[in-house]
Amino acid sequence: MRRISPRPIVSFSRDGRVFELGRSGLSPILHKHGSTGLGLAPVEIAKSERLDGDGSVVRGIRYGDRDVFIPLRMEAESIGALSELRRSLNELLAPDLGEVEVRIEDPATGTDRMIRGYYKDGLDGDFGTGYHGYWQNLGLTFECHDPWWLGPEQIVELRINPGSKPFISSTVPFFPVMLAQSSVQGVYQVDIKGAGPVDPIWEVHGPGTDLRISNDVEVIEMDGNFPAGEPVLIDVAEGEITPNSRWIDTSVRSRLFKLERGLQTITVTLVGATTETLVRLTYRERYREGY
C-alpha cells in the first residue's frame with residue numbers, strides 16, 4: 001500500500017501574531033496542495049568576455065527574488081464567521097505593515113524553515129471558484145527579496161557561572177565561560193549548518209568594559225563601558241550597533257563579520273564582568289529550499 005506523506009504545516013506571522021493553516025478538514029483554514037516557490041530561487045547568470053588561453057567564460061551567478069505561492073481553503077459555520085476569518089487574515093498580511101514571515105514545517109522530516117516576504121495578491125478571491133456558501137479558496141502570493149530560507153532561531157549565551165561545571169543544554173545551548181582577571185572570557189565552538197554563512201546578532205548586557213569578539217581572523221573591538229541595564233545590540237545583517245553610545249569607541253580594526261558555514265572557534269572577552277554580565281549570540285541558519 002502506498003504511503004501518503006503528510007503535507008507541510010504552513011503559517012504566516014508578524015509581530016507575534018500567527019495564522020496557521022491546518023492539514024485536515026477539521027481545520028477552518030486548510031493548506032491545499034499546489035504550493036510553489038519552495039525550492040531554489042530564480043538564478044541570474046551574468047557572462048563576461050572569454051579569457052585568453054583556454055577560452056573559458058567568466059560567469060557571475062546570484063539568486064534573485066522569488067514568489068512563494070500558498071493555496072488555502074477557508075471554511076466557517078456562517079458567512080459572518082468566514083468574513084471574520086478574512087478580516088483577520090487581511091490585517092495580518094497588509095503589506096503597508098511590512099514583511100510577513102512565511103513558515104514551512106515538514107512533519108515527516110522535522111525541518112522548520114522560514115522566509116520573509118511582502119503579500120502580493122490573492123486575497124481578492126480570484127483563485128479557485130470564489131465564495132461557495134461558507135467556504136472560499138484563496139491563492140496567496142508573497143514576494144520575497146531574500147532568496148534564502150532561514151532555520152529556527154539559535155541562541156548561545158555566555159555568562160560567568162562560578163562554582164559550577166560548564167554544561168550544554170539539549171534545547172538552548174549554554175557554552176562554558178571562564179573567569180580570569182575580572183573578565184568574562186568565553187572560547188567555544190559553534191557549528192553553522194545549512195547552505196551558507198549567517199548574519200549573527202550579538203547582545204551585550206553589562207557591566208563590563210572593552211569588548212572583543214573574534215574568530216581568529218576578524219574581530220569586533222569596542223572599547224569603553226557597557227553599563228548594567230543598557231544592553232548593546234550588534235546587528236551584522238543591518239550593519240548597526242545600537243544604542244550608539246558616546247561611551248563606547250569602535251576600533252577601526254573592527255568588522256561586523258558573518259559566521260561561516262561549518263565548525264569555527266569564537267572568542268569573546270569583556271573586562272570587569274560580574275555574574276550579571278551576559279553576552280548573547282542569536283542567528284538563523286540559511287537554506288536554499290523551504291521544503
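This is a short chat about the cores and backbone of a predicted model.

User: Before we start, what should I know about the model and numbering?
Analyst: It's predicted, so local features need pLDDT of at least 70 and side-chain atom pairs count only at pLDDT 80 or more, while totals for chains, interfaces and linings use all residues. Residues are numbered from 1 along each chain as its sequence is written, and side-chain values use heavy atoms, leaving out hydrogens and water.

User: Cool. How many residues are in the largest nonpolar core?
Analyst: The largest one has 28 residues. Such a core is a set of buried Ala, Val, Leu, Ile, Met, Phe, Trp, Tyr and Cys residues joined through side-chain atoms within 4.5 Å; buried means under 20% relative accessible area, exposed over 50%, partly exposed in between (1.4 Å probe, protein chains only).

User: And which element gives the most to this core?
Analyst: That's α1, with five residues. Helices (H or I, at least four residues) and strands (E, at least two) are DSSP runs, numbered from the N terminus.

User: What does Leu 89 touch?
Analyst: Leaving out residues up to four places away in sequence, Leu 89 touches Phe 12, Phe 19, Met 74, Leu 123, Leu 138 and Leu 140. Contact means heavy atoms within 4.5 Å.

User: Switching to backbone: which peptide bond is cis?
Analyst: The one from Gly 206 to Pro 207, with omega near 15°. Pro 207 sits in the loop between β14 (201–205) and β15 (208–214).

User: What about Asp 15: buried or exposed?
Analyst: Asp 15 counts as exposed because its relative accessibility is 75%. Its phi is positive, near 55°.
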